[in-house]
Amino acid sequence: MDFTKLFSLEGRVAVVTGGSRGIGEMIAQGFLAAGCARVYITARKAAVVEETAARLGAGCIALPGDISTLAGIEQLVADLSEREDHIDILVNNAGVAWGAEIEDFPEVGWDKVMDLNVKTPFFLTQKLLPLLKAAARADQLAKVINIASIDGLRPNPWETYSYQASKAAVVHLTRRMAARLIRDQIVVSCICPGAFPSEMNKAASRNPDASAKGIPSKRVGTAEDMAGGAIYLASRAGDYVVGTALPIDGGIVNGWIPSEVVDPSGH
């Protein structure tokens with residue numbers, strides 16, 4: 001066993017949606033550090049995408065675009081197809097949230113979230129299948145990593161109805177896509193982040209100490225935490241992890257026992 005190659009992404013080509021900031025940027029940075037030849041990052045705001053690509057340095061390529069619509073997805077695929085004849089790794093990270101009290105929750109807050117968080121990962125993967133299949137082979141599988149949330153594994157206390165439903169849908173969509181695409185030597189898996197500083201999670205960004213109080217690990221996530229999980233799934237190390245939803249959350253989903261709960265035995 002060559003351990004140096006187990007987690008290596010040397011020479012691979014990756015695409016990270018929503019890659020201009022937050023979790024997407026963390027993953028893109030990790031992929032570059034692990035040896036990716038090129039990492040394409042995409043998001044709606046061209047200036048932000050280009051700034052991030054410049055900051056991440058050689059190998060990071062900005063491809064601005066709006067993938068919330070099928071037309072935008074097809075444009076991104078066309079842009080990628082002009083530049084590459086294969087894609088080794090696709091990270092479906094772009095997402096949006098919406099919060100409102102149940103009596104006032106609007107239809108637009110449902111449709112916008114479900115479209116970008118659930119429909120876009122499916123159709124972008126579908127449209128990129130020729131490039132993913134071109135990369136996939138028995139000794140180096142192609143990878144699709146969907147980014148869900150711990151809110152797709154358990155409810156949070158906020159009235160973000162469509163967001164929580166969408167992330168649960170991503171977890172199950174991952175399982176279904178994985179069952180089909182493994183026959184094409186494409187592994188589909190899923191990351192469920194907890195509290196990481198990002199534009200979406202303003203609390204973790206602005207007041208990490210307060211956020212950490214509800215996390216068993218007593219801290220919010222870092223770029224290394226997210227990059228480590230993504231590199232594991234994208235590399236040879238994760239080849240046998242098919243359809244799995246991996247929480248990267250400091251123990252919120254699987255390790256939290258409220259302090260007010262007392263074991264009847266006294267322990």
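Okay, let's start with one residue: Arg21 has a relative accessibility of 41%, so it counts as partly exposed. Before I go on, keep in mind that this is a predicted model.

Where does Arg21 sit along the chain? You'll find Arg21 in a loop, with β1 (13-17) on one side and α2 (22-33) on the other. And Arg21 has company: together with Arg44, Lys45 and Lys112, Arg21 forms a patch of positive charge on the surface.

Now for the opposite charge. Which residues make up the patch of negative charge on the surface? Those are Glu101, Glu103, Asp104 and Glu159. Let's pick Glu103 from that group. Glu103 is in a loop too, the one between β4 (89-92) and α5 (107-135). Is Glu103 buried or exposed? Its relative accessible area is 63%, and therefore Glu103 is exposed.

Last topic: cysteines. Quick reminder, a disulfide is a covalent bond that links the sulfur atoms of two cysteines. So how many disulfides does the structure hold? Zero. Take Cys60, which is in no disulfide: the nearest cysteine sulfur belongs to Cys36, and that's 10 Å away. Cys60 is also buried, because its relative accessible area is just 10%, and the cut-off for buried is under 20%.

Then there's Cys190. For Cys190, the nearest cysteine sulfur is that of Cys192, 4.2 Å away. Why is that pair not a disulfide? Because the two sulfur atoms would have to be within 2.5 Å, and here the distance is 4.2 Å. As for accessibility, Cys190 comes out at 0%, so Cys190 counts as buried.

Terms used:
Residues numbered from 1 in each chain as written. Predicted model: local features only at pLDDT ≥ 70, side-chain atom pairs only at ≥ 80, totals over all residues. Heavy atoms only, no water. Patch = residues over 30% accessible without salt bridge, like charges linked within 9 Å, V, L, I, M, F, W, Y side chains within 5 Å. Areas by Shrake-Rupley, 256 points an atom, 1.4 Å probe, with all protein chains shown as cover. Salt bridge = Lys/Arg side-chain N within 4 Å of Asp/Glu carboxyl O. Lys, Arg positive; Asp, Glu negative; His and termini not counted. Charge placed at Lys NZ, Arg CZ, Asp CG, Glu CD. Helix = DSSP H or I, 4+ residues; strand = E, 2+ residues; numbered from the N terminus. Buried < 20%, exposed > 50% of the residue type's maximum accessible area, 1.4 Å probe, protein only.
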